[in-house]
Amino acid sequence: MLSGGIQTNILKLLTIFMQTTWVKNPHLRAKFAKALSLLLPEVSNREDLYRSAALLQPSVDSQLLQPQAVEEADNLFTNITCKKEPVLALLKVYVSLEVAGESLQFEQKFNYRFPINFVLFYLLKIDEYREIMKEIAEDAHKNMANQQPPIFLRFVNGMINDGTWLLDESLNSMKKIRQVEEEIASTSWDSVPDNVKEQRHADLKRSKDLTRNMNVLSNDVIRMLEALAKLTTQVFTHPDMADRIAAMLNYFMQ
């Protein structure tokens, strides 16, 4: 176990690497964010973390983490003087993955954004960081008309894009799963060549794994929007954003 001083230095270094303009490769910056998530202890139940971040269940019934690990992680982030910088760095990395677009496969984007979400959820259960995120959101609301959208607005916009895209892709993937399962269950399956059977089973496993990952990240998106809406309603009720939020939620419920 690294000492608190060494962890603090690692946190500061990773924050600098995530924010600097010298590192332009989105893959590398995302790996710095993933490394930052490793400074936090594992969560036995991510749902408890969702609820804590949204203040739906500030004190979870089941232990969220090892008590000593919680104290060490909380101290790591509460004792640093530049508390706002790690939050901004994580938001910038998240947004940079959106800008990377087609150069990133879904699996890559999922592997990169999942740990970013984890750190943000963890920080949102700490009062000081909730205030920091609220301050960032309020600044975004004041500058929504700017030609260069604020980082918080771009972050929320990226989550909305993710939510809509994930729903489309997961539904398409589930259709493929059903088609392959029906093919395997059909009477003509016995006459299918062994190499084709092997490929169909591989395709089925991949589709199931991909769908599971998409559903997990989709849940992250909804839970993050829920947690952020607890902090501020101004951004989400702004005319420019309200229609997008409503369209995404309607799309989910159709």
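Arg212 is partly exposed in this predicted model, with a relative accessible area of 48%. Its side chain forms a salt bridge with Asp209, and the closest N and O atoms are 3.0 Å apart. Asp209 is partly exposed too, at 28% relative accessibility. Look at where the two residues sit: both are in helix α9, which covers residues 194-231, and they are three residues apart, about one turn of the helix. Lys205 joins in as well, since salt bridges that share partners tie Lys205, Asp209 and Arg212 into one network. The spacing makes sense if you recall some helix geometry. An α-helix has 3.6 residues a turn, so residues three or four places apart point the same way.

You can see a similar arrangement in helix α8, residues 151-185. Here Glu182 forms a salt bridge with Arg178, and the closest N and O atoms are 3.2 Å apart. Glu182 and Arg178 are four residues apart in α8, so about one helical turn separates them. How covered are they? Glu182 counts as partly exposed because its relative accessibility is 48%. Arg178, at 58%, counts as exposed, because the cut-off for that label is over 50%.

Now for a salt bridge that reaches across the chain. The side chains of Glu135 and Lys84 meet with 3.0 Å between N and O. This pair links distant parts of the chain: Glu135 belongs to helix α7 (residues 127-142) and Lys84 to helix α5 (residues 84-100), with their positions 51 residues apart in the numbering. Both ends have some access to the surroundings, with Glu135 partly exposed at 42% relative accessibility and Lys84 partly exposed at 31%. How many salt bridges are there in total? The count comes to nine.

Time to step back and take in the whole fold. The protein chain has 11 helices and zero strands, so if you trace it from the N terminus, the elements simply run α-α-α-α-α-α-α-α-α-α-α. Of the 254 residues in the chain, 45% are buried.

With that in mind, go back to α9 and find helix α3, residues 46-53, packed against it. Two packed helices are described by the angle between their axes and the distance between the axes. For α3 and α9, the angle is about 20 degrees and the axes are 9 Å apart. The two helices are therefore roughly parallel to each other, because angles under 35 degrees get that description. Their crossing is right-handed.

How much of α3 is covered? Mostly, it turns out: six of its eight residues are buried. They are Arg46, Asp48, Leu49, Tyr50, Ser52 and Ala53. Notice that Arg46 and Asp48 are on that list of buried residues, whereas the charged residues Arg212 and Asp209 in α9 are partly exposed.

Keep following the chain past α3 and you come to Ala54, in the loop between α3 and α4 (67-78). Ala54 counts as buried because its relative accessibility is 0%. Which residue lies 4.0 Å from Ala54, C-alpha to C-alpha, despite being 173 residues apart in sequence? That would be Ala227.

Another pair of this kind involves α8. Gly163 is found in that helix, and it is buried, with a relative accessible area of 0%. Gly163 and Ser218 are 55 residues apart in sequence, yet their C-alpha atoms are 5.7 Å apart in space.

Finally, turn to the surface at helix α1, residues 4-19, where you will find Phe17. Phe17 is partly exposed, with a relative accessible area of 31%. Together with Leu13 and Ile16, Phe17 forms a nonpolar patch on the surface, and the three residues have about 270 Å² of accessible area together. Phe17 qualifies for the patch because members need over 30% relative accessible area, and its own value is 31%.

Key
Residues numbered from 1 in each chain as written. Predicted model: local features only at pLDDT ≥ 70, side-chain atom pairs only at ≥ 80, totals over all residues. Heavy atoms only, no water. Patch = residues over 30% accessible without salt bridge, like charges linked within 9 Å, V, L, I, M, F, W, Y side chains within 5 Å. Areas by Shrake-Rupley, 256 points an atom, 1.4 Å probe, with all protein chains shown as cover. Salt bridge = Lys/Arg side-chain N within 4 Å of Asp/Glu carboxyl O. Buried < 20%, exposed > 50% of the residue type's maximum accessible area, 1.4 Å probe, protein only. Axes fitted to C-alpha atoms, helices over the stretch in contact; angles between N-to-C directions. Parallel < 35°, antiparallel > 145°, perpendicular 65-115°, else oblique. Left-handed = near helix turned anticlockwise from the far one by under 90°.
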